[in-house]
Amino acid sequence: MATGHIFIILIPIFFVILIGYFAGLFKAFNPASSKGLNTLVTKFALPAHLFIGITTTPRETLIQKWPFLVALMLGIIGFYIVLLVVYRLIAKKGLTESSMFALNSTQPSFAFMGIPVLGSLFGSAVVAIPIAITGIVVNAILDPLASILGTVGQRKQSDDTKGNLFKFTIKSVLHGLSEPLACVPLIGVVLTLCGFQAPKLLQSMFDQIGNITAGTALFAIGVTIGIKKITFSPKALSIAVLKAILMPMVMLGIALLIGLTHEDVTKAVLLVAFPGSAVAAMIATRYESLETEAASAFVISSVLSLITIPLLISLLV
């Protein structure tokens, strides 16, 4: 794809992010109202958009996407596990910090940038399934796994490794599955596999909320960046570089090895190439581990994506 065409696609996207950035920087939004924007996107608008995208897809097309699921499992969960082990061995840090480092180096902002970026390249209807699969992997597997290991690390430090760990594990998995970005696409997949196809009226109903996804999501990213204070510590820079540069390279290798189509290779790589996730940074805050570094890495990786995403698109599309 020509460089000029890439920038024609990306400039409007980053323009909306920039507006959100100034809104956050000049205090038009505070952390509470920023959280409200994030909630609107992740719990209502995007799940509605994905549900209709899945339930208007032929069952045969959905079944054919299982290699894409395998690629994302290896590229996201596998990358997280490798970083977790390496960080523990090299940095010799506790399990909680290692889990938060690996999580923030792995989880992408797919919920906010997937529709506007991939939709501009392939069409919003076509990318609903890849984004939904990513949501299931991240929300139903990655976040619960990171939370479980973070809790195990805290319990080890307090010499309480038994307690209610089993109950917490079940609770974490169920919580992940209860997230709209996990359960709504999952319900859509089950219904489609059972032969359900959304009628026109249902499409119109869900589109009323789903169609606001792209602009609102980009604006929310900008607001979050504008509010956050950053530090260029070695850990923050490491998380950002791993997320924005190394992870897409690893995913590219995995996607090619599995034998995905060229279009699916591009989608898989771009989905993990998006900046780090504000959700992952919030999980780090919950465990009081790498809070400043995670928030800073989110901002740094967002800036890096101004370079890496156009470069990846030019190489892949």
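**Figure 1. Ring pairs join Tyr21, Phe22 and Phe26 into a cluster.** Welcome to a predicted model, which we will explore one close-up at a time. Searching the whole structure turns up five aromatic pairs. Phenylalanine 22 and phenylalanine 26 make up one of these pairs, and it is stacked, with 6.1 Å from centre to centre and 15 degrees between the planes. How much of each ring residue is open to the outside? Phenylalanine 22 has a relative accessibility of 39%, so it counts as partly exposed. Phenylalanine 26 has a relative accessible area of 62%, so it is exposed.

**Figure 2. Tyrosine 87 and phenylalanine 101 form a stacked pair.** Look for the two ring centres, which lie 4.2 Å apart, with the planes at 15 degrees. Which helices do the two residues belong to? Tyrosine 87 is part of helix H4 (residues 66-91), while phenylalanine 101 is part of helix H5 (residues 95-104). The pair therefore ties together parts that are 14 residues apart in sequence. Both tyrosine 87 and phenylalanine 101 are buried.

**Figure 3. Two lysines are found over phenylalanine rings.** Start with lysine 65, which lies over the face of phenylalanine 68, 5.9 Å from the ring centre. Then find lysine 267, whose charged end sits over the ring of phenylalanine 122. Here the distance to the ring centre is 5.2 Å.

**Figure 4. Alanine 182 is a buried residue of helix H9.** Helix H9 covers residues 180-193. Is alanine 182 buried or exposed? Its relative accessible area is 1%; because buried means under 20%, alanine 182 is buried. Leaving out residues up to four places away in sequence, alanine 182 touches Gly135, Ile136, Asn139, Ala140, Gly176 and Leu177. For a sense of distance, try tracing from alanine 182 to valine 272: the two are 90 residues apart in sequence, and their C-alpha atoms are 17 Å apart in space.

**Figure 5. Cysteine 183 and cysteine 194 are not joined by a disulfide.** Why is there no bond here? The sulfur of cysteine 183 has its closest cysteine sulfur in cysteine 194, and at 17 Å that is too far for a bond. A disulfide needs the two sulfur atoms to be within 2.5 Å. The count of disulfides comes to zero. The surroundings of these two cysteines can be described as well. Cysteine 183 is partly exposed, at 23% relative accessibility, whereas cysteine 194 is exposed, with a relative accessible area of 63%.

**Figure 6. The whole protein is built with 15 helices and zero strands.** Let us step back from the close-ups to see the complete fold. Measured out along the principal axes, the C-alpha atoms fill a box of roughly 55 × 45 × 40 Å. How does the radius of gyration fit with a compact globule? For 317 residues, such a globule would have a value near 20 Å, and the protein has 19 Å, so the two agree. Of these 317 residues, 53% count as buried. Among contacts with a separation of 6 or more, 87% come from residues 24 or more positions apart. Finally, about 14,000 Å² of the protein is exposed, and carbon and sulfur atoms supply 70% of that area.

Key
Residues numbered from 1 in each chain as written. Predicted model: local features only at pLDDT ≥ 70, side-chain atom pairs only at ≥ 80, totals over all residues. Heavy atoms only, no water. Helix = DSSP H or I, 4+ residues; strand = E, 2+ residues; numbered from the N terminus. Buried < 20%, exposed > 50% of the residue type's maximum accessible area, 1.4 Å probe, protein only. Contact = heavy atoms within 4.5 Å. Phe/Tyr/Trp six-rings, centres within 6.5 Å; stacked < 30°, edge-to-face > 60°. Lys NZ or Arg CZ within 6 Å of the ring centre and 35° of its normal. Rg over C-alpha atoms; globule rule 2.2 N^0.38 Å. Areas by Shrake-Rupley, 256 points an atom, 1.4 Å probe, with all protein chains shown as cover.
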